[in-house]
Amino acid sequence: LSSVEKALEYDKIRVLLKKYTASQLGTARVDTLTPSCDVDKVRYLLTLCSETKFFHQVYGGIPLNGLKDIRKSLSHAAKVGALLDAEELLDVRKVAQIPEDIHHAFKKRDREEFPNLFSIVDALPVFPELVEAIGYCIDAEGMLLDRASPELRAIRRKLYRLREDIHQKLEATLRSPQYQKAIQEQVITSRNNRYVIPIKQEARSSFRGVVQGQSTSGATFFVEPLEIVQMNNALHEAAEAEQREIRRILLELTDRVRDNLHELELSLDLLAELDFLNAKARFSLALNAVEPELNTHGVVKLIEARHPLLEFHHVIPTNVHIGKTFNTLIITGPNTGGKTVVLKTVGLLVLMAQSGLHIPAEHGSQVAIFDHVFADIGDDQGIEQSLSTFSSHITKIVEMLRKIEDAEYSLVLLDEIGAGTDPTEGSALGMALLDWFGERQVNTIVTTHYGALKVYAHTQQRMENASMEFDWTTLSPTYRLQIGIPGSSNAIKIASRLGIPSEILDEAQTHLGNTNVAIEDLLVRLQQTQDELETERALLHDKIREAEVASEKHTQLLQTLETERDTLKQRSESEARDIVANARKTIEKLVADIRKQQASKDSIQNAFSEIETAKKSLKTELPKKQSNQPKLKVNVGDKVRVKKLSRFGEVTAIKPRGKMPLQILVGNMRMQAAYHEIDSVTQNKKHHTFRRLYLISNILNPIQSVVSLISEGCL
């Protein structure tokens with residue numbers, strides 16, 4: 001374990017990840033987990049993790065039930081003549097069954113959704129014949145089944161008959177009056193794999209048989225009666241034959257394993273990878289983690305990031321970014337305010353991302369691929385080397401400087417830079433180190449209590465101050481990082497809250513000096529102003545967003561209204577032209593007919609009849625004037641303007657009664673309104689039909705007038 005991984009507690013991530021593995025195979029893969037600097041490899045690993053996570057969410061994960069590390073058994077089976085016992089063969093069978101289960105789980109899945117997972121699954125060999133052969137011969141408890149071979153079945157039947165004969169013979173002996181005084185207990189037992197009965201010590205000489213054992217007290221002899229000696233011999237021979245047949249079957253099954261050895265080893269390797277992927281996916285779900293965006297230009301942007309080891313406790317999310325407008329971030333603030341947690345969160349999430357793990361943050365978070373990540377966090381003083389705290393820090397920094405020279409992108413995390421020595425010299429050394437890192441485009445995040453470093457960062461273009469927010473009402477930290485605002489250590493105020501007498505605090509401020517006190521007060525006011533501005537900015541952002549939404553809706557409504565207006569206008573103009581043209585033809589025809597018939601009463605009467613017929617067909621469709629009615633004529637589908645909102649909406653329903661009969665959809669909001677609360681904007685198509693019919697009627701009236709003039713002889 002490297003010093004950086006130890007400082008950032010990367011090893012504890014491995015410990016957490018192991019809890020989600022299904023076998024020792026997956027656990028062994030977790031032990032090999034290390035960050036990579038290869039951006040293509042990291043992107044592939046992250047994508048693979050995302051695919052596995054999605055598969056787990058939708059389909060319940062990759063089936064790995066029964067997965068076990070059988071590498072020792074496979075290594076043993078590789079030797080010709082080797083024999084795997086029934087338990088080992090059962091383990092092989094369980095593992096050999098898993099690939100088929102996985103193929104079945106992926107059978108109807110979309111390859112485009114899981115392209116990288118399918119590349120692993122496609123390479124996974126299956127072993128249907130081996131699985132069937134072992135399952136046919138061995139049951140779930142590891143016993144060889146009679147069906148494993150005809151010979152085994154025959155031998156076991158013989159064993160059954162022999163045992164039955166022996167038991168019958170011994171039971172007869174136990175019941176015999178001849179032997180009642182000699183028998184110690186009415187039981188059949190066994191000694192030296194031979195059936196016997198217990199005989200009293202004093203009756204031993206009178207009982208014919210072979211002594212196979214004696215009780216601890218010596219009061220009982222276990223005797224094999226002479227009449228079953230041959231039967232026991234036959235039973236023993238049959239039992240040996242059974243073991244020979246079992247061994248032959250196990251050897252045959254082991255040979256089958258050896259025939260599939262290469263494919264089994266490949267399968268085991270791929271199953272270990274799938275177990276590892278399953279663990280990473282489940283770990284991501286447990287942390288509510290996301291796949292970060294990767295870049296190769298040193299930008300880190302973490303949104304609502306949480307320290308993974310504190311995820312299951314109450315922890316304030318962190319927003320932090322570096323590498324775009326600045327490369328150096330100097331974090332100040334009180335002790336126990338969360339500065340060190342920010343350092344560890346940034347470093348650990350970068351290492352996790354470069355290891356192909358999702359990070360506990362929000363979508364949109366970015367992580368750069370760094371050649372090196374360095375961290376000097378906490379007091380790691382080496383007693384055996386007699387190093388002081390300052391010397392320990394400097395030793396680590398020297399090692400960083402040496403490696404950074406050969407790297408393109410590096411991330412440096414320093415806790416309490418320049419600490420452990422005189423503040424003036426420590427500040428000067430800190431400035432020089434920050435300059436050196438900055439010149440080489442190293443992303444550097446440091447914490448400090450030195451006021452000089454705050455001022456220095458403020459004067460440098462590629463440096464930025466940050467602080468841990470402090471609640472002045474409770475005089476306690478909120479653990480939120482504020483970039484752009486230098487912090488105060490608040491030592492005197494915290495001491496006051498903890499009970500230090502006021503005269504001591506006043507004396508401390510005197511020693512601190514007016515200038516420093518003014519700077520601290522300025523930082524406090526600056527932080528308070530920043531808090532107010534952030535609140536106002538958030539409110540303004542919400543208002544702007546609401547205005548943009550409303551503007552977009554109004555624009556869409558206006559476009560709809562203009563389109564409808566233009567369409568209706570074109571349609572009305574076209575219909576009007578047709579009506580005028582038809583009216584002209586009608587007048588010309590009537591005039592010609594009247595003149596041709598010299599204005600006879602019949603021709604004039606026919607002309608009037610045609611006009612009256614046309615007018616009657618239109619009369620029922622003419623619109624009524626609404627001027628004398630108190631409410632607008634509104635129909636479902638009409639566009640209206642709601643006066644009190646100054647917003648447009650659409651009438652979706654009209655109740656026959658009630659003070660507020662109109663239901664109007666304004667954007668995504670439904671509301672009730674009365675007639676006097678709206679202005680009519682656009683009515684539906686029926687209204688425009690009324691207008692067209694009214695126009696036709698107005699054209700027919702002049703035609704009737706023309707006919708009247710003709711009949712009077714004026715034309």
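## Overall architecture

The protein chain folds into 20 helices and 19 strands. Keep in mind as you browse that this is a predicted model. Of the chain's 715 residues, 41% count as buried. Among contacts with a separation of 6 or more, 68% are made by residues 24 or more positions apart.

Turning to the outside, the accessible surface of the protein chain comes to about 39400 Å². Carbon and sulfur atoms account for 51% of that surface.

## Helix H8 and its neighbours

Let us begin with a helix and its packing. Helix H8 spans residues 128–137, and its buried residues are Leu130, Val131, Ala133, Ile134, Gly135 and Cys137. What do the buried residues of H8 pack against? They meet three helices: H6 (86–106), H10 (229–259) and H11 (261–287).

## Salt bridges across strands

By the rule used here, the count comes to 25 salt bridges. One of them joins the side chains of Arg194 and Glu224, with an N to O distance of 2.9 Å. This pair links distant parts of the chain, since Arg194 sits in strand S2 (residues 194–200) and Glu224 in strand S4 (residues 220–225), 30 residues apart. Are Arg194 and Glu224 buried or exposed? Both are buried.

A further strand-to-strand pair is Glu650 and Lys639, whose side chains meet in a salt bridge at 3.9 Å, N to O. Here too the pair links distant parts of the chain: Glu650 belongs to strand S16 (residues 647–654) and Lys639 to strand S15 (residues 639–642), eleven residues apart. The two partners fall into separate accessibility classes. Glu650 has a relative accessible area of 33%, so this residue is partly exposed. Lys639 counts as buried because its relative accessibility is 12%, and the cut-off for buried is under 20%.

## A salt bridge within helix H18

Asp542 and Arg545 also form a salt bridge, and their closest N and O atoms are 3.0 Å apart. Why are these two residues separated by about one helical turn? Asp542 and Arg545 are three residues apart in helix H18 (residues 514–596), which puts about one helical turn between them. An α-helix has 3.6 residues a turn, so residues three or four places apart point the same way.

Both ends of this bridge have some accessible area. Asp542 is partly exposed at a relative accessible area of 31%, and Arg545 is partly exposed at 45% relative accessibility.

## A salt-bridge network

Salt bridges can also share residues. Glu9, Lys12 and Lys344 are linked in a network of them.

## Patches on the surface

Where on the surface does positive charge gather? Arg153, Arg157, Lys158 and Arg161 form a patch of positive charge there. One of these residues, Arg153, lies in helix H9 (residues 150–175). With a relative accessibility of 31%, Arg153 counts as partly exposed.

There is a nonpolar patch to look at as well. Phe54, Val58 and Tyr59 make this surface patch, which covers about 240 Å². Val58 has its place in helix H4 (residues 39–59). Is Val58 buried or partly exposed? Val58 counts as partly exposed because its relative accessibility is 43%.

Terms used: Residues are numbered from 1 along each chain as its sequence is written. This is a predicted model: local features need pLDDT of at least 70, side-chain atom pairs count only at pLDDT 80 or more; totals for chains, interfaces and linings use all residues. Side-chain values use heavy atoms; hydrogens and water are left out. Helices (H or I, at least four residues) and strands (E, at least two) are DSSP runs, numbered from the N terminus. Buried means under 20% relative accessible area, exposed over 50%, partly exposed in between (1.4 Å probe, protein chains only). Contact means heavy atoms within 4.5 Å. Accessible areas come from the Shrake-Rupley method with a 1.4 Å probe; for residues, only the protein chains shown count as cover. Patches are made of residues with over 30% relative accessible area and no salt bridge: like charges are joined within 9 Å, nonpolar side chains (Val, Leu, Ile, Met, Phe, Trp, Tyr) within 5 Å. A salt bridge is a side-chain nitrogen of Lys or Arg within 4 Å of a carboxyl oxygen of Asp or Glu. Lys and Arg count as positive and Asp and Glu as negative; His and the chain ends are not counted. The place of a charge is taken as NZ of Lys, CZ of Arg, CG of Asp or CD of Glu.
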